[in-house]
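Open the structure in your viewer and keep the selection tool ready. We will go stop by stop.

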Amino acid sequence: MSKVRVRFAPSPTGGLHLGGVRTVLYNYLFAKNKGGDFIVRIEDTDQTRFVEGAEQYIFDCLKWCGIEPDESPLHGGDYGPYRQSERKEQGIYKTYADKLVADGHAYYAFDTPEELEKMRNDFKKPENPSPQYDHLLRMKMKNSLTLTADEVNKLLAAGTRHVIRIKMPAGEIVSFTDMIRGEIKNETDLVDDKVLLKADGMPTYHLAVVVDDYLMKITHAFRGEEWLPSAPVHVLLWKYLFGLDKMPEWAHLPLILGPSGKLSKRDGAKYGFPVFAMNWLDPKTNELTEGFKEKGFLPEAFINLLAVLGWNDGTEQELFSKEELVEKFSIDRVHSGGAKFDYEKAKWFNHEWIKRLPISDLRFRIEPFLKDSGIDLTDTDKLEKIMGLVKDRCTLLPDFYEQSVFFFKDPVTLDSDAVKPKWNEDKRNFFLEFVTVLSGIGNWELSAIEDAFKNLATAKNIKPGELQLPLRIMLVGGKFGPPVFVIAEAIGATATINRINKALDNFASF
RNA sequence: GCCGCGUUGGUCAAGGGGUUAAGACGCCUCCCUUUCACGGAGGAAUCACGGGUUCGAAUCCCGUACGUGGUACCA
């Protein structure tokens, strides 16, 4: 058996949404699991939807996810070109379309858009709201099936705009085996005569997938389940052009759904979670759609959560590294039903990955989010120590800022409401005296600070517990963060004393 | 409308004729911690509905409902 070759074929029309990334991911995992090649080819045959910069964006996303292709327009390969537009230049699609016409499996159609619209209107009935250009209607249209050979040649010679349509056979059953769903059967009567070659000479997806997959020796083809209804067209094309024995194995992946129905870009804005892998600024509309990367997700968490949205290895394991996914992935454990995306669970995955990543690695992931924060990034030892202290409290990468600013800067506001109700003269005196004790500590370390605090509290006959919260508010500004003496140790004697004095002034008005 | 695909707690899901129907997220309670988390122990919550087949159905079959996709010179 030949080497497994799996391809992802995005159309560069915009950001890479969750469903798209999951499709690539499954392509990649399957290929790598079988020791095969993962190929990315670009479907840029639709100028009307092609968006400048979208192709580069797709590769940026793949790079961030760590699933780079073995072959692509960017990475090269022996089966190029990897862009359909370039293959079209070489006249490849037209050759195959003409062959189909010659063999009687396709025909020229000269109907103008207006005529098509008229047809759809004329034949529209309540029980058939969208009539198709099919085996019944094609004999009423203007094509090489209804025109004489002479008329057809004349039209062709005159350069009349035309398309090539597949001639769907009547009354046949087309079936194929889907790796996820098993046997799929379709009646040819129910599918229309799809356009294969457009008037501008560009192939439609239907012709292009088949030709490209053949030329690129693709062995396995995964795509979204929205392609299931047109799968018989592709199967027939394989049969007519190259033989069913050469056809790749298909897998139609389930949809990813949003809180209400199919996941859309709008859902992101509406419910406050990203739907694209990375930020996407649409150059046409100037509209920004937020990405998981910029939101503060780790790529490890991102591919992990996507992989298990519709797949599991049959055990209770939920956290997988990329290497584990490659090792354990199997296409027949992919669900056939759509899955609703749950942002809360997505955040949990990120939280888990933040906890399991070594600090030295984590630091590089966090730094970009701290760049403009005013926090000093040069003292890497201190940085890593503090990150280790707070990482259990961070779900998204930007959380590190609020969880650790107080290690670097005095708190701007103090949650004085937390202190006020139980504040009194005794406590005030305690802290006044505590400051002088603190300035006398020669060896500024955890146990010394903690002992000083507790001894003084005992001497003053106040429960240490009642004093810890005020001290925390003084140092941190709020009711959060690592143990308070650990913080005091980390920020040093001067800052600790300053913050206490400053807070005491603040509390004087109580 | 027609056609395809799907349906196990709120969500992701294991289980594919006999199970007390796993586990995870989220939610709630308690423990740990005189902060917030982490961690630990518990709890509430499920086989869409109706018919079959069978000694026995979440599991097999048929309907219905619901969801979703397709029905383009879009992919």
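**Stop 1: around the RNA**

Four elements each give at least two residues to the surface near RNA strand B: helix H5 (113-122), strand S13 (339-340), helix H13 (343-356) and helix H19 (464-476). Keep in mind that this is a predicted model. Colour H19 next, as the largest share of this surface, 5 residues, comes from H19.

Now select everything around RNA strand B. You should pick up 62 residues. The closest are Gly261, Lys262, Gly337, Gly465 and Lys479. What kinds of residues make up the surface near RNA strand B? There are 21 nonpolar, 19 polar and 22 charged.

**Stop 2: helix H13**

Stay with H13, one of the elements near the RNA. H13 has 14 residues. From its first C-alpha to its last, H13 reaches 20 Å, close to the 20 Å expected at 1.5 Å a residue.

Which residues of H13 are buried? Select Ala346, Phe349, Asn350, Trp353 and Ile354. They lie on the same side of H13, because they cover an arc of only 135 degrees around the axis. A general rule helps here: an α-helix has 3.6 residues a turn, so residues three or four places apart point the same way.

Turn to the other side of H13. There Glu344, Lys345 and Lys355 are exposed. Then show helix H11 (299-307) and helix H14 (359-370): the buried residues of H13 pack against both.

**Stop 3: the nonpolar cores**

Select Val21, Leu25, Cys61, Phe302 and Leu306. In the largest nonpolar core, of 90 residues, these touch the most other members. Helix H1 (residues 18-33) gives the most to this core, with 9 residues.

Zoom in on Phe302. Leaving out residues up to four places away in sequence, Phe302 touches Cys65, Phe292 and Phe297. Apart from this core lies another, of 28 residues. Among its members are Tyr93, Phe110, Val210 and Met247.

**Stop 4: Ala488**

Last, select Ala488, in helix H20 (residues 484-507). Is Ala488 buried or exposed? Ala488 counts as buried, because 25 C-beta neighbours lie inside 10 Å, and the cut-off for buried is 20 or more.

Who touches Ala488? Again leaving out residues up to four places away in sequence, the contacts are Ile449, Leu475 and Thr496. Finish with a distance: the C-alpha atoms of Ala488 and Arg472 are 9.3 Å apart, and the two residues are 16 residues apart along the chain.

Methods. Residues numbered from 1 in each chain as written. Chains lettered and ligands numbered in written order. Predicted model: local features only at pLDDT ≥ 70, side-chain atom pairs only at ≥ 80, totals over all residues. Near = placed C-beta within 6 Å. Nonpolar A, V, L, I, M, F, W, Y, C, P; charged D, E, K, R; others polar. Buried ≥ 20, exposed ≤ 12 C-beta atoms within 10 Å, placed from the backbone. Contact = placed C-beta atoms within 7 Å. Expected span 1.5 Å × (residues − 1). Arc of directions from axis to C-beta. Core = buried A, V, L, I, M, F, W, Y, C linked by C-beta atoms within 7 Å.
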